[in-house]
Amino acid sequence: MTIKIGFVVAEFNRDITYQMEILGEEHAKFLGAEVTEKIYVPGAYDMPLAIKKLLENKDIDAVVTVGCVIEGDTSHDEVVVAQVTRKMTDLSLEYGKPVALGISGPGMTRMQAMERMDYAKRAVEAAVKLIQRV
């Protein structure tokens, strides 16, 4: 049985999330999983509705988020990541399917974000392991 994964990808900081998306897809193939559906959203804060739509799909085994939240002049980045991660956890528990965190940040510079592009790869691995073990 092939594990079927849905991706929710943030378009904000697309130069970084594009690379994250590619790394995540390649790692899914390496692990024998398949990314069967993707939903693109404006930013990380906009992910929960798209996550829910994918979780409602009986053909999706897990959802992987792909995003990058870079520090600004205010604590906005912290608020965004805190709210999104809380809702991701709630949705995972509600639907009984893994929702893996592939969002880098908060509190990082653009250079640090580029060094953390493997977060999507790690999220894919976490999703696959959870499907296999839970």
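These legends walk through several views of a predicted protein model.

**View 1. The whole fold, from one end of the chain to the other.** Welcome to the overall picture: the protein has five helices and five strands. If you trace the chain along its sequence, you meet them in the order β-α-β-α-β-α-β-β-α-α. A box of roughly 45 × 30 × 25 Å, taken along the principal axes, holds the C-alpha atoms. The radius of gyration is 14 Å, which agrees with the value near 14 Å that a compact globule of 134 residues would have.

**View 2. Inside, outside and the links across the sequence.** Here we look at how the chain meets itself and its surroundings. Of the 134 residues, 43% count as buried. Contacts between residues 24 or more positions apart make up 78% of those with a separation of 6 or more. On the outside, about 7,200 Å² is exposed, and carbon and sulfur atoms supply 51% of that area. The charges are worth a glance too: there are 16 positive and 20 negative ones, and the mean positions of the two groups are 6 Å apart.

**View 3. The largest nonpolar core.** In soluble globular proteins, nonpolar side chains tend to be buried together. In this model, the largest nonpolar core has 23 residues, and those with the most contacts inside it are Ile5, Phe7, Met20, Val64, Val66 and Val124. Two or more residues come from each of β1 (3–10), α1 (14–30), β2 (33–41), β3 (62–68) and α5. Helix α5 gives the most, with six residues.

**View 4. Val124 and its neighbours.** Moving in on one of the core residues with the most contacts, you can find Val124 touching Ile5, Phe7, Gly24, His27, Ala28, Leu31 and Val64, leaving aside residues up to four places away in sequence.

**View 5. A second core.** A separate core of 19 residues is also present, and Ile51, Ile60, Val81 and Val84 are among its members.

**View 6. Val128 in helix α5.** Our last stop is Val128, which lies in helix α5 (residues 119–133). Is Val128 buried or exposed? Its relative accessibility is 3%, so Val128 counts as buried. Setting aside residues up to four places away in sequence, Val128 touches Ile3, Ile5, Leu31 and Ala33. Leu31 sits 97 residues from Val128 along the chain, and yet the C-alpha atoms of the two are separated by 7.8 Å.

Note on methods: Residues numbered from 1 in each chain as written. Predicted model: local features only at pLDDT ≥ 70, side-chain atom pairs only at ≥ 80, totals over all residues. Heavy atoms only, no water. Helix = DSSP H or I, 4+ residues; strand = E, 2+ residues; numbered from the N terminus. Rg over C-alpha atoms; globule rule 2.2 N^0.38 Å. Buried < 20%, exposed > 50% of the residue type's maximum accessible area, 1.4 Å probe, protein only. Contact = heavy atoms within 4.5 Å. Areas by Shrake-Rupley, 256 points an atom, 1.4 Å probe, with all protein chains shown as cover. Lys, Arg positive; Asp, Glu negative; His and termini not counted. Charge placed at Lys NZ, Arg CZ, Asp CG, Glu CD. Core = buried A, V, L, I, M, F, W, Y, C linked by side-chain atoms within 4.5 Å.
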